[in-house]
Amino acid sequence: MHPFTYTRVSDTREALDAGRSGGRYIAGGTTLVDLMRETVERPGTLVDISFLPLREVTVTRRGGLRIGALVRMAEAAAHPKVRALHPVVSEALELSASAQLRNMATVGGNIMQRTRCTYFRDVTAACNKREPGSGCAALHGFNRTHAILGTSDHCVATHPSDVAVAFAALEAGVHLLGPDGERTVPFADFLLEPGSTPQREQAIRHGELITAVEIPAHPRPLKSGYLKVRDRQSYEFALTSAAVALHIRGGVIREAKVAAGGVGTVPWKLPAVERALIGERPSASLWAEAAGHAAEGARALTHNRFKTELLKRTVERQLRIVGGGK
Ligand code: SF4
């Protein structure tokens, strides 16, 4: 591990000053400390923001659900408001990592976590994300767990977060505070596809701090859930996953929000699936037909061709779980 200095801040102004001076924010540290041990990350200064007052879950005046950036994953998963309004968020959190990690890691840190591509973590391998311009060892290496959607010739790594898939489905916003004040970035614009700059992963500016993630109020109550398919039942990342939220009234689907994980370089919203559902009556054939759109645009690699079919089946199964129907 490279030497670094550590400072703890007690208010947001102090944090922003330290961030502007080049400090790297740390809270739960469950990703960053690992990467520092492997010398993938070498921050000169760590700014511990764990004690900032960003640990509340609140329902806003407009009826949105605001989850503070420093709420621990386990706390968010168990929170009565999260469970009641958006079970898909709660389930995605509960299916993430391990109990120990969920007790440490924060919601803000979770969406900022870096890819689990093994080449990214191996400092002897070529990796454009870690070392821009060095190449991508995964393209012609072992790429079974890599992405089939949103890839580029420069990077094919998946985004590892589960809860980010739920946030993408529900069209959440990320609240940021920086030297120039506050702003909110729609979740769809917050995490960036690799393109030719895979080292740039979030639409976050120098020194900015995530203060909260907010799920907007949905005028119609949504029934929702998260399905994760993985090689083993615990402490494993998704091969595929599906976040589904539906509003069904009078036997007709009035609203549909669907996103997939484990397959995209970012959490992958599925608008074609959503369009195929709205205005239709739940049925086994509808779930299969809608899920058939899930892998549109997919570009498989040598070892991950199975993901195309697995993705469709994952989405179909979760539509059936949430939406019922014969
Ligand atoms: Fe690096 Fe991305 Fe290639 Fe993995 S897939 S080796 S993270 S450039």
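# Why do we call it that?

Modeller: The chain is divided into domain 1 (1–51) and domain 2 (223–323). Keep in mind that this is a predicted model.

Colleague: Okay, how do you know where domain 1 and domain 2 sit relative to each other?

Modeller: Take the C-alpha centres of domain 1 and domain 2: 36 Å lies between them.

Colleague: Let's start with the loop in domain 1. Why is threonine 39 called partly exposed?

Modeller: Threonine 39 has a relative accessible area of 21%. Buried means under 20% and exposed means over 50%, so a value in between is called partly exposed. Therefore threonine 39 gets the label partly exposed.

Colleague: And what makes the phi of threonine 39 worth a remark?

Modeller: That phi is positive, about 60°, although threonine 39 is not a glycine. You'll find threonine 39 in the loop between helix 2 (32–37) and strand 3 (45–48).

Colleague: Arginine 42 is in the loop between helix 2 and strand 3 too. Why is arginine 42 called exposed?

Modeller: Its relative accessible area is 52%. The cut-off for exposed is over 50%, so arginine 42 passes it.

Colleague: How far is arginine 42 from leucine 54 in space?

Modeller: They are twelve residues apart along the chain, and their C-alpha atoms are separated by 26 Å.

Colleague: Now glutamate 171. What makes it count as partly exposed?

Modeller: Glutamate 171 has 37% relative accessibility. That is not under 20%, and not over 50% either, so partly exposed is the right term. Glutamate 171 lies in the loop between helix 9 (163–169) and strand 6 (173–178). Its phi is positive as well, about 55°, and glutamate 171 is not a glycine.

Colleague: Is alanine 76 buried or exposed, and how do you know?

Modeller: Buried. The relative accessible area of alanine 76 is 0%, and buried means under 20%, so there's no doubt about the label. Alanine 76 belongs to helix 3 (residues 73–78). Leucine 93 is 17 residues away from alanine 76 in sequence, with 7.8 Å from C-alpha to C-alpha.

Colleague: What makes you say strand 11 (residues 252–261) is mostly covered?

Modeller: Just the count: nine of the ten residues of strand 11 are buried.

Colleague: Why do you say that strand 10 (residues 240–249) and strand 11 pair?

Modeller: Pairing needs at least two bridges, and strand 10 and strand 11 have nine, so they pair. Their sense is antiparallel. For example, alanine 242 stands opposite alanine 260 in strand 11. Strand 10 and strand 11 form a hairpin with two residues between them, and glycine 250 in the turn has a positive phi of about 60°.

Colleague: Then why does strand 12 (residues 268–269) count as a partner of strand 11?

Modeller: Two bridges join strand 11 to strand 12. The requirement is at least two, so this pair meets it. Strand 11 and strand 12 run antiparallel, and alanine 259 has lysine 269 in strand 12 as its bridge partner. Their hairpin has six residues between the strands, and glycine 262 there takes a positive phi near 80°.

Colleague: Last stop, the ligand. Which residues come nearest?

Modeller: Of the 15 residues around the ligand, Cys117, Cys127, Cys136, Cys155 and Val156 come nearest. The shell divides into eleven nonpolar, three polar and one charged.

Colleague: And why do Cys and Val count as nonpolar here?

Modeller: Both Val and Cys are on the list of residue types that count as nonpolar, so they get that label. As for the space taken by the ligand, that is the second largest cavity.

How values were computed
Residues are numbered from 1 along each chain as its sequence is written. This is a predicted model: local features need pLDDT of at least 70, side-chain atom pairs count only at pLDDT 80 or more; totals for chains, interfaces and linings use all residues. Side-chain values use heavy atoms; hydrogens and water are left out. A residue is near a molecule or strand if one of its heavy atoms lies within 4 Å of it. On a 1 Å grid over the protein atoms alone, a cavity is a set of points where a 1.4 Å probe fits but cannot get out, and a pocket is an open set with protein on both sides within 12 Å along at least five of seven lines; lining residues have an atom within 4 Å of a point. A molecule sits in a cavity or pocket if more than half of its atoms lie within 2 Å of its grid points. Domain bounds come from an automatic or database domain assignment. Buried means under 20% relative accessible area, exposed over 50%, partly exposed in between (1.4 Å probe, protein chains only). Helices (H or I, at least four residues) and strands (E, at least two) are DSSP runs, numbered from the N terminus.
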